[in-house]
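Subject: Handing over a structure, with notes

Dear colleague,

I am passing on the structure below, together with some notes for a reader who has not met it before. Please look it over before reading on.

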Amino acid sequence: MGSIEGKGLGDRPSSRSSACSIDLEEFEDLVSVNLKRKRKEKYPAKSHAQLVAQKLQVKSGLVYLPGLREESYEDSDMPVHWRQRRYFYYMSGINFPGSVVTYDINRDSLYAWIPPPNTGSLVIFNGQVPSIKEVKAEYDFDDVRYITTLADYLTKFVHYNPGDKIYQLHHYQTPKNMAREAILIDGRRSYLREFPFEFTKLKPAMNAARAIKDSYEIRMIRKANAISAEAHINVLKGIRYFDNEAEIEAIFMATCVSEQAKEQSYGIIAGSGPNASILHYVANNEPLKGRQLVCLDAGAEWKCYASDVTRTFPISGQFSSEAKEIYDLVAEMQETCITMIKPGVDFGTIVINAVKVAIEGLVKLCLLQNGSSEELLLSGAWRAFFPHGLGHHVGLEVHDVGDGSDRLDLLSGQKSVNPWISAYSKEDLDTIMSTGTTLLPNMVITIEPGIYFSRYALEDLFLKDTRYAKFINKDLLDRYYPVGGVRIEDDILVTEDGYENLTTAPKGDEALKIINEYKETIAEEKQKKGWFW
């Protein structure tokens, strides 16, 4: 608990404890201090279930979602790294293995079905699993029961509710041990030729529900971003004295773990020099010496909610002239796109803006040539430098689901036929200029433009194709190859009248200031203790 010493009576200090809050009441020259225990916030599973039912547009039926069980690696007794199923988590908040959640739509009843208590050696080796009492206290369910009684519950549901469907995501998740025949309470015999499983409607309904975040979810994403920002700052503080990309990954990960964020939203990308041109580079094992930039794409996960943050910065603390030109162009792409975000905007128009800014900048740098802006746009030659999409949903997945689609790499409800020939794939449907996603309040999306100098993309694909080669100034490329690539990425909340940037990790001049301010301090610390200070 923080001290109130030195504060005026008009200042209301807040407790640093997660368990208590402080109320102060003034009586002339006296102050009454009253500690109140905070009410524990539960994951909003019930409201999520109700929203899914609304999106299903049915009045009755049962939603059935199994969580993930534990498994071992092949020919091993070591467990596979366990990660909860995100659809299950959305309607439960449960982050331990072997459970099931059901939602009776007509009765508005959300039940959790959990593993029975461990016994014998399981307790000695693994400890105890959460009890029914603990789950009831922690989570937002109407009832919690042991999973051993689930088959009987499902059997009764299908026999007492003829015509109602059991809504599921996948055939392989179908519940087992349900009885086709049952004797009802009035003595009648009930027999089912087929179980009423339905596999087509639940996923689209849940995708639509998950696309719009509630206040709890936004707080989780905000917290994940705050931890990510701290980790990015720690990397900036030490980058001048790191020897290898592995140290970047280590410091980022260590910072997150120390803040109880033990899972990353995705594999850390710490690409230096030419590795910065590899979009999903995760080896993170090459020396930094002699290289200009690092593209660090890394985001912590907090209570299963993701953050997605990319920063590009010079290892030395100073940009080369070429790196500065590219960084400023990407920053302009991002800044102009972010200012366009508000409800009702078609995301495709924001993507078009990013491409047009990129083309204009590349023309000014003489990297694109021999065509008007419109000709260069339609040619697709710009894709040699900007090969990926502009953004995606963020939530329980780093590439989260959206209304009308599965997990996406881009914000788009549909794909349009490619208006350009693509050097990357003969059968490519363009996903850069797709439209179909209209921004709505409480969506969380990324804006992540980038400009890259991939030798493979430029020399083996685009420059060997006469449809593109005439637009690319190959004589300048050797100057820019050492830049590698620049990407800047923030997580943006769509608000009622605009946007809020949830990402607080420093970038641009603020990042350079940290690199250069801490060079002497970190040098001393490294000499004394090593990196894990």
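The notes below go from the whole chain to one sheet, then to a helix pair and the cores.

This is a predicted model, in which local features need pLDDT of at least 70 and side-chain atom pairs count only at pLDDT 80 or more, while totals for chains, interfaces and linings use all residues. Residues are numbered from 1 along each chain as its sequence is written, and side-chain values use heavy atoms, with hydrogens and water left out.

The protein chain has 533 residues, of which 51% count as buried (buried means under 20% relative accessible area, with a 1.4 Å probe and protein chains only). Its secondary structure comes to 16 helices and 18 strands; these are DSSP runs, numbered from the N terminus, with helices being H or I of at least four residues and strands E of at least two. The chain exposes about 26200 Å², and carbon and sulfur atoms supply 49% of that area (by the Shrake-Rupley method with a 1.4 Å probe). Among contacts (heavy atoms within 4.5 Å) with a separation of 6 or more, 69% are between residues 24 or more positions apart.

One open sheet has 6 strands in the order β6-β5-β4-β3-β7-β10, with mixed pairing, where two strands pair if DSSP finds at least two bridges between them. The edges are taken by β6 (143-146) and β10 (197-198), each of which has a single partner strand, so one side of each is left without a neighbour in the sheet. Within this sheet, β3 (residues 62-66) has 5 of its 5 residues buried, with Leu62, Tyr64 and Pro66 on one side and Val63 and Leu65 on the other. In a regular strand the side chains alternate between the two faces of the sheet. β3 pairs with β4 (residues 100-104) in the antiparallel sense over 5 bridges, and with β7 (residues 166-167) in parallel through 2 bridges. Leucine 62 has aspartate 104 as its bridge partner in β4 and stands opposite isoleucine 166 in β7. Isoleucine 166 in turn has phenylalanine 197 as its bridge partner in β10, and β7 and β10 are joined in the parallel sense over 2 bridges.

Helix α1 lies across β3, β4, β5 (109-114) and β7, running at about 55° to β4 (axes are lines fitted to C-alpha atoms, for helices over the stretch in contact, and angles run from 0 to 180 degrees between N-to-C directions). Alanine 49 lies in α1 (residues 45-56), and it counts as buried because its relative accessibility is 1%. Not counting residues up to four places away in sequence, alanine 49 touches Met91, Tyr103 and Leu110; methionine 91 is 42 residues away in sequence, yet the two C-alpha atoms are 5.6 Å apart.

Elsewhere, helices α7 (residues 215-238) and α8 (residues 245-258) pack at an angle of about 145°, with their axes 8 Å apart. Residues that meet there include Ile227, Ala231 and Val235 in α7 and Ile248, Ile251 and Phe252 in α8.

Finally, the largest nonpolar core has 127 residues, of which Phe385 and Ile451 touch the most other members (such a core is a set of buried Ala, Val, Leu, Ile, Met, Phe, Trp, Tyr and Cys residues joined through side-chain atoms within 4.5 Å). Apart from it lies another core, of 16 residues, among them Trp113, Tyr153, Leu154 and Val158.

With best regards

Note on methods. Buried < 20%, exposed > 50% of the residue type's maximum accessible area, 1.4 Å probe, protein only.
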